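Trainee: I should like to take a close look at a single part of this protein. Would you please guide me through the aromatic side chains and their surroundings?

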Amino acid sequence: MSSPKIDVAIIGAGPYGLSIAAHLSARKVSYRIFGTPMSSWRTHMLWRTLLKSDGFASNLYDPGSTFTLADYCREQSIPYADLGLPVSIATFAAYGVEFQKRFVPELEQTDVTHVERTPNGFELTTANGDTLLAKSVVVAAGITHFGYIPPVFADVPQELVTHSSQYRDVDPFRGRSVGVIGAGASAVDMAALLYESGAQVQLVARRDAIAFHEPSVEPRPLSQRLRAPRSGLGLGWRSRICSDAPLVFHALPEKLRLRAVKRHLGPAPGWFARDRFNGNVTTHMSTRLKGVSVQGNEIAVTFTGADGSDKELRLDHVIAATGYKVSLQRLGFLSSELRQQIAAIEDTPILSRNFESSVRGLYLVGLASANSFGPLCRFAYGAGFTSKRLSRHLAASS
């Protein structure tokens with residue numbers, strides 16, 4: 001087979017893929033990038049909701065940081081503040097699309113459907129039927145492949161149970177009884193919007209309470225800033241270290257890294273969702289799901305409540321707002337042979353300090369890299385570190 005025609009192929013056009021492409025372009029590395037710009041944000045998130053991250057932590061990254069969210073909002077006359085003024089999903093998505101137009105105009109808006117390893121790199125096939133050869137592949141596929149639905153719902157048809165990422169709006173549920181599973185931002189936003197849209201909604205969660213974030217306020221007294229410094233991931237030294245030192249996190253023992261990613265920055269809705277949710281949505285907290293059954297056109301959910309008694313909800317539909325769980329086996333565009341060759345722990349890739357998997361030339365970023373680099377990579381804020389480090393490495397390897 002002939003030598004690869006390009007140095008790098010990027011799969012995905014969200015904050016990570018676009019930021020990496022912008023950096024590679026500045027470094028004169030030949031690449032092609034595939035995907036719909038900001039697809040996850042535009043089609044897999046509720047449109048009438050807000051980001052939890054503050055404005056200063058909600059950017060895409062060009063090499064000179066010349067086009068931030070603040071710049072975009074100023075150009076569009078959209079109210080903006082680094083802290084304390086929530087950013088809408090719609091604004092962030094539109095900003096990402098404009099970033100793409102300015103810094104990654106060569107984006108090919110088609111999906112990569114198959115990636116195969118070759119002696120000289122990789123062969124990729126697109127939904128258009130085109131094929132190309134690349135020395136390296138960067139998988140920046142985002143979160144939509146990894147929507148997690150609890151196993152108790154495994155045998156329930158999709159007509160009755162779905163994941164929260166499948167919805168941009170909830171108007172089709174008007175007048176229907178809907179159960180929302182979860183206690184994080186997606187669950188609370190989903191439940192509040194369902195209520196406002198005229199659905200009969202009930203939220204079921206393992207946690208004993210909804211842990212709403214508090215609004216960001218500055219300036220703070222020096223004593224508070226020393227005890228709990230601010231970072232792109234929030235307040236506290238743990239978040240600050242995860243934000244500023246992902247390579248230190250990478251050097252930690254594996255068990256410690258996995259535990260930190262699971263436990264740090266757990267489910268927590270934004271403060272701005274409190275008034276829309278409290279007093280409007282019926283909640284069942286401190287529960288343990290026991291089973292589900294399909295009864296005609298309804299789904300019956302049985303759980304043990306906080307008082308130890310069993311309860312049953314009869315619902316028209318259940319929405320699992322239960323987050324995302326990385327699984328290499330769900331990246332179906334990678335050939336089965338390639339997926340099996342990637343060294344993994346708990347079906348998540350083991351990555352080098354340069355985001356490279358055990359398959360030489362194959363890199364995974366974003367949520368898929370969180371177990372290696374920490375909670376930073378669960379958020380768009382992590383695209384800054386990732387794009388700088390990976391582009392420097394790929395330029396040196398090209």
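Mentor: Let us begin with a term. A residue is called buried when its relative accessible area is under 20%, exposed when that area is over 50%, and partly exposed in between. Please keep in mind that the model before you is predicted.

With that term we may turn to Phe99 and Phe103. Phe103 has a relative accessible area of 22%, so this residue is partly exposed. Phe99, by contrast, has a relative accessible area of 0% and is therefore buried. Both residues belong to helix 4, which comprises residues 89-103, and because they are four residues apart there, about one helical turn separates them.

How are two such rings described? A pair of aromatic rings is described by the distance of the centres and the angle of the planes. By the rule applied here, the structure has 13 aromatic pairs. One of them is formed by Phe99 and Phe103, whose centres are 4.7 Å apart and whose planes make an angle of 35 degrees, a tilted arrangement. These two residues also belong to one aromatic cluster, together with Trp41, Phe67, Tyr72, Phe92 and Tyr95. Over the face of Phe67, a member of that cluster, lies Arg102, at 4.1 Å from the ring centre. A comparable arrangement is found at Trp47, where Arg168 lies over the face of the ring at 4.1 Å from its centre.

Asp62 deserves attention in the same context. This residue is placed in the loop between helix 2 (39-43) and helix 3 (69-76). Its relative accessibility is 3%, so Asp62 counts as buried. Apart from its neighbours within four places in sequence, Asp62 is in contact with Phe67, Phe99 and Phe103, and also with Ala22 and His23. Ser25 lies 37 residues from Asp62 along the chain, and the C-alpha atoms of the two are separated by 9.7 Å.

For a second pair, consider Phe373 and Phe385. Their rings are tilted as well, with 5.9 Å from centre to centre and 55 degrees between the planes. This pair links distant parts of the chain, for Phe373 is in helix 12 (residues 370-373) and Phe385 is in helix 13 (residues 383-397), 12 residues apart. Phe373 has a relative accessible area of 0% and is therefore buried. Phe385 has a relative accessibility of 21%, so this residue counts as partly exposed.

Helix 13 may now be examined further. It has 15 residues, and at 1.5 Å a residue these should span 21 Å; the end C-alpha atoms are 20 Å apart, which agrees. Its buried residues include Ala383, Gly384, Thr386, Arg389 and His393. The buried residues of helix 13 pack against several elements, among them strand 1 (6-11), helix 1 (15-26) and strand 5 (131-139).

Finally, let us place an aromatic residue beside the nonpolar interior. The largest nonpolar core has 76 residues, and Val115 and Leu124 have the most contacts inside it. Leaving out residues up to four places away in sequence, Val115 touches several residues, including Phe122, Leu124 and Phe333. A second, separate core has 26 residues, including Phe173 and Phe272. Strand 3 (residues 112-118) and strand 4 (residues 121-126) pair in the antiparallel sense over six bridges. A hairpin of two residues joins strand 3 to strand 4, and Val112 has Thr126 in strand 4 as its bridge partner.

Definitions and conventions
Residues numbered from 1 in each chain as written. Predicted model: local features only at pLDDT ≥ 70, side-chain atom pairs only at ≥ 80, totals over all residues. Heavy atoms only, no water. Core = buried A, V, L, I, M, F, W, Y, C linked by side-chain atoms within 4.5 Å. Buried < 20%, exposed > 50% of the residue type's maximum accessible area, 1.4 Å probe, protein only. Contact = heavy atoms within 4.5 Å. Phe/Tyr/Trp six-rings, centres within 6.5 Å; stacked < 30°, edge-to-face > 60°. Lys NZ or Arg CZ within 6 Å of the ring centre and 35° of its normal. Expected span 1.5 Å × (residues − 1). Pairing = 2+ DSSP bridges.
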